[in-house]
Amino acid sequence: MKKILFLSIIIICQSVYCKAQEQLAFPFKDGKDAMAQFFKDSLEVSPEIIQKKAVGTAFFKFTSDDKGNISKIIVYYADDAIFVEPIVDALKKSNHQWVIPKREKTHDFIIPFAFIFTPPTVSNPKLQKTNTLKLQKKMYGNYLAHSPIMAADQVPLGESTLLPPVLVSYEITQ
C-alpha cells in the first residue's frame with residue numbers, strides 16, 4: 001500500500017512539472033485570419049510565376065525579435081526558385097506584426113507557402129479540352145525545367161514554431 005501511495009505521489013508531482021504542450025497565443029497580430037489576409041494582400045505573384053503556371057510549395061524559416069522585427073530569412077525548401085523573391089518581399093513587409101512569448105528575446109518561425117492557380121473557364125466544350133491539354137503541357141514543361149531549392153545537409157530546427165501554411169492562389173488567363 002505504501003509503495004502504491006509513494007508511486008502515486010511521484011506520478012502526480014511529475015505531471016505537475018510536465019507540460020505536454022504549452023498554449024501560446026497566435027504569433028501574428030490579430031490572429032491566424034489576419035495573417036492569411038496579410039499575405040493575401042502583400043504577396044505579389046510575379047508575372048514569371050503566372051507565365052510558367054508554376055505550382056508548388058516553399059518552406060521558410062525566419063527569426064522575430066520582441067518588437068516583431070524579422071531577420072534571418074532562410075529558405076528551407078522551395079519547389080521552384082521563382083517562388084523565393086515574392087515570399088521574401090512579403091515577409092519583409094510583415095515587420096512589427098509578429099508576437100513572440102514574453103520570456104524570449106527572439107523566436108524562430110517556420111512558415112510554408114503553397115502556390116496554386118485557378119484555371120480559366122471556357123464555355124465551349126471543344127475549346128475546354130484544347131485549353132486543358134495546353135495547360136497540362138505548360139505545367140509539365142515547367143515541372144521539367146523548374147529549379148528546386150533544398151538543403152544539402154542537416155537542417156537544425158531548434159525551438160521553432162511551425163505556422164499554418166499560407167495558400168497563394170492566382171488566376172491565369174488563356
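**Reasoning from values to terms**

Mentor: Lys72 lies in strand E2, which covers residues 70-78, and the model we are reading is a predicted one.

Trainee: Why is Lys72 called exposed?

Mentor: The term exposed is kept for a relative accessible area over 50%, and Lys72 has 61%, so the residue is called exposed. Its backbone deserves a remark as well, since Lys72 shows a positive phi of about 50° although it is not a glycine.

Trainee: What makes His96 partly exposed?

Mentor: Partly exposed is the class between under 20% and over 50% relative accessible area; His96 comes to 42% relative accessibility and therefore counts as partly exposed. His96 is located in the loop that joins helix H4 (84-93) to strand E3 (106-118), and there it takes a positive phi of about 70° without being a glycine.

Trainee: Why is Ser94 called buried?

Mentor: A residue is buried when its relative accessible area is under 20%, and the value for Ser94 is 0%, so the term applies. Ser94 lies in the loop between H4 and E3, and, leaving aside neighbours within four places in sequence, it is in contact with Phe28, Phe38, Gly68 and Ile70. In the protein as a whole, buried residues make up 32% of the 174 residues.

Trainee: How do you know that E1 and E2 pair as strands?

Mentor: Pairing requires at least two bridges between the strands, and strand E1 (residues 56-65) is joined to E2 by six, with the two running antiparallel. One of the partnerships sets Lys61 against Ile74 in E2. The hairpin formed by E1 and E2 has four residues between the strands, and in this hairpin Gly68 takes a positive phi near 90°.

Trainee: What makes E2 and E4 a pair?

Mentor: With the requirement set at two bridges or more, the two bridges between E2 and strand E4 (residues 149-150) are enough, and the sense is antiparallel. Across this pairing, Tyr77 stands opposite Met150 in E4.

Trainee: How do you know that the side chains of Asp108 and Lys61 meet in a salt bridge?

Mentor: The cut-off is 4 Å from a side-chain nitrogen of Lys or Arg to a carboxyl oxygen of Asp or Glu, and the N to O distance between Lys61 and Asp108 is 3.4 Å, within that limit. Asp108 belongs to strand E3 and Lys61 to strand E1, so the pair ties together parts of the chain 47 residues apart in sequence. Both residues are buried.

Trainee: Why is Glu44, in the salt bridge with Lys93, called exposed?

Mentor: Glu44 has a relative accessible area of 56%, so it passes the threshold for exposed, whereas Lys93, at 42%, is partly exposed. The salt bridge between their side chains spans 3.5 Å, N to O, and it links distant parts of the chain, with Lys93 in helix H4 and Glu44 in the loop between H2 and helix H3 (47-52), 49 residues apart.

Trainee: Which helix holds both Lys52 and Glu48, and what makes the two residues a salt bridge?

Mentor: Both lie in helix H3, four residues apart, which is about one turn of the helix. Their side chains come to 3.6 Å, N to O, and because the limit is 4 Å the contact qualifies as a salt bridge. Lys52, at 27%, and Glu48, at 39%, are each partly exposed. The structure holds three salt bridges.

Trainee: Which residues of the largest nonpolar core touch the most other members?

Mentor: Among its 32 residues, Phe39, Phe60, Ile87, Ile111 and Phe113 touch the most other members. Helix H2 (32-42), E1, E2, H4, E3 and strand E6 (166-171) each supply at least two residues of this core. Membership calls for buried residues of nonpolar type joined through side-chain atoms within 4.5 Å. As for Ile87, its contacts, not counting residues up to four places away in sequence, are Leu43, Ala58, Phe60, Phe113 and Phe115.

Trainee: How many helices and strands does the protein have?

Mentor: The protein has five helices and six strands, and from the N terminus on their order is α-α-α-β-β-α-β-α-β-β-β. Of the contacts with a separation of 6 or more, 80% are between residues 24 or more positions apart.

Note on methods:
Residues numbered from 1 in each chain as written. Heavy atoms only, no water. Buried < 20%, exposed > 50% of the residue type's maximum accessible area, 1.4 Å probe, protein only. Contact = heavy atoms within 4.5 Å.
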